[in-house]
Amino acid sequence: MIRTVLATAFAVAMTGCASIVNETTHPMKLETRTEDGTMVGQADCTITNDYGSVTAKSGSTVNVRRSSKDLDITCKHPANPDALAHAISRANAGLAGNIIFGGGIGAIIDHNEGTAYTYPTWIQMVFGQTLVFDRSDEKEGQPVAGRVPGTKP
């Protein structure tokens, strides 16, 4: 009986642990378009945070390393001016669950590993513009709306 109670308590506590629930990377759909809305694929994109850089082609989905730090993204295409973006990382449900069920130690580990954070999962950068994409603006099934730095949604 005691083993069953302890096993159940442990299982419930672990459901909030972001390092168990979440991988160290997550997918981000990265698209580029012109100011008039024409989609342009195959731009060369560099995605950078405190864990390093990855490269991808626009129009693809790339796995980005989770972190509490934001992402900087630059996409280059020979027929267009550069598209620049800043993607804001936000705490995910794993961190809240960890604090509630797992206590401070798990939250510290998940923060340090980055698994407690998520970036926007779908962004559309615009050539010739610098935009900010905030995970908190995400709506399921839609790209996150980019905004000019310094403006509110």
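Which residue lies over the face of Tyr51? Arg65 does, at 3.8 Å from the ring centre. The legends below describe close-up views of a predicted model.

**View 1. The protein chain as a whole.** The predicted model shows a protein chain with 4 helices and 11 strands. The chain has 153 residues, and buried residues make up 39% of them. About 8500 Å² of the chain is exposed, with carbon and sulfur atoms supplying 58% of that area. When contacts between residues at least 6 apart in sequence are considered, 61% join residues at least 24 apart.

**View 2. Two charged side chains sit over aromatic rings: Arg65 over Tyr51 and Lys29 over Trp122.** The distance from Arg65 to the ring centre of Tyr51 is 3.8 Å. The charged end of Lys29 is 4.2 Å from the centre of the Trp122 ring. As for pairs of aromatic rings, the structure holds 0 of them.

**View 3. The largest nonpolar core contains 23 residues.** The members that touch the most other members are Met28, Leu30, Ile47, Leu71, Ile73, Cys75 and Met125. At least two residues of this core come from each of the strands β1 (25-33), β3 (44-49), β5 (60-65), β6 (71-77), β7 (80-88), β10 (122-126) and β11 (130-134).

**View 4. Leu30 is shown with its contacts.** Neighbours within four places in sequence are left aside here. Leu30 is then in contact with Cys45, Ile47, Lys57, Ser58, Gly59 and Ser60, among others. Its further contacts include Ile73, Cys75, Ile123 and Met125. Leu30 is also one of the core members that touch the most other members.

**View 5. A disulfide joins Cys45 to Cys75.** A search of the whole structure finds 1 disulfide, and the S to S distance in the link of Cys45 and Cys75 is 2.1 Å. The link is right-handed, with 110 degrees about the S-S bond. Cys45 lies in strand β3 and Cys75 in strand β6, so the disulfide ties together parts that are 30 residues apart in sequence. Both cysteines are buried.

**View 6. Cys75 is found in strand β6.** Why does Cys75 count as buried? Its relative accessible area is 0%, and buried means under 20%. Leaving aside neighbours within four places in sequence, Cys75 is in contact with Leu30, Thr32, Ala43, Asp44, Cys45, Asp82, Ala83, Met125 and Phe127. Cys75 and Val126 are 51 residues apart in sequence, and their C-alpha atoms are 9.2 Å apart in space.

**View 7. Asp82 lies in strand β7.** Asp82 counts as partly exposed because its relative accessibility is 32%. Not counting residues up to four places away in sequence, Asp82 touches Thr74, Cys75, Lys76, Phe127, Gly128 and Gln129. Thr130 is 48 residues from Asp82 along the chain, and 8.8 Å separates the C-alpha atoms of these two residues.

**View 8. Gln42 is found in the loop between β2 (39-40) and β3.** Most residues other than glycine have a negative phi. Gln42 is not a glycine, yet has a positive phi of about 70 degrees. Is Gln42 buried or exposed? Gln42 counts as exposed because its relative accessibility is 55%, and the cut-off for exposed is over 50%.

Note on methods. Residues numbered from 1 in each chain as written. Predicted model: local features only at pLDDT ≥ 70, side-chain atom pairs only at ≥ 80, totals over all residues. Heavy atoms only, no water. Buried < 20%, exposed > 50% of the residue type's maximum accessible area, 1.4 Å probe, protein only. Contact = heavy atoms within 4.5 Å. Areas by Shrake-Rupley, 256 points an atom, 1.4 Å probe, with all protein chains shown as cover. Phe/Tyr/Trp six-rings, centres within 6.5 Å; stacked < 30°, edge-to-face > 60°. Lys NZ or Arg CZ within 6 Å of the ring centre and 35° of its normal. Core = buried A, V, L, I, M, F, W, Y, C linked by side-chain atoms within 4.5 Å. Disulfide = S-S within 2.5 Å.
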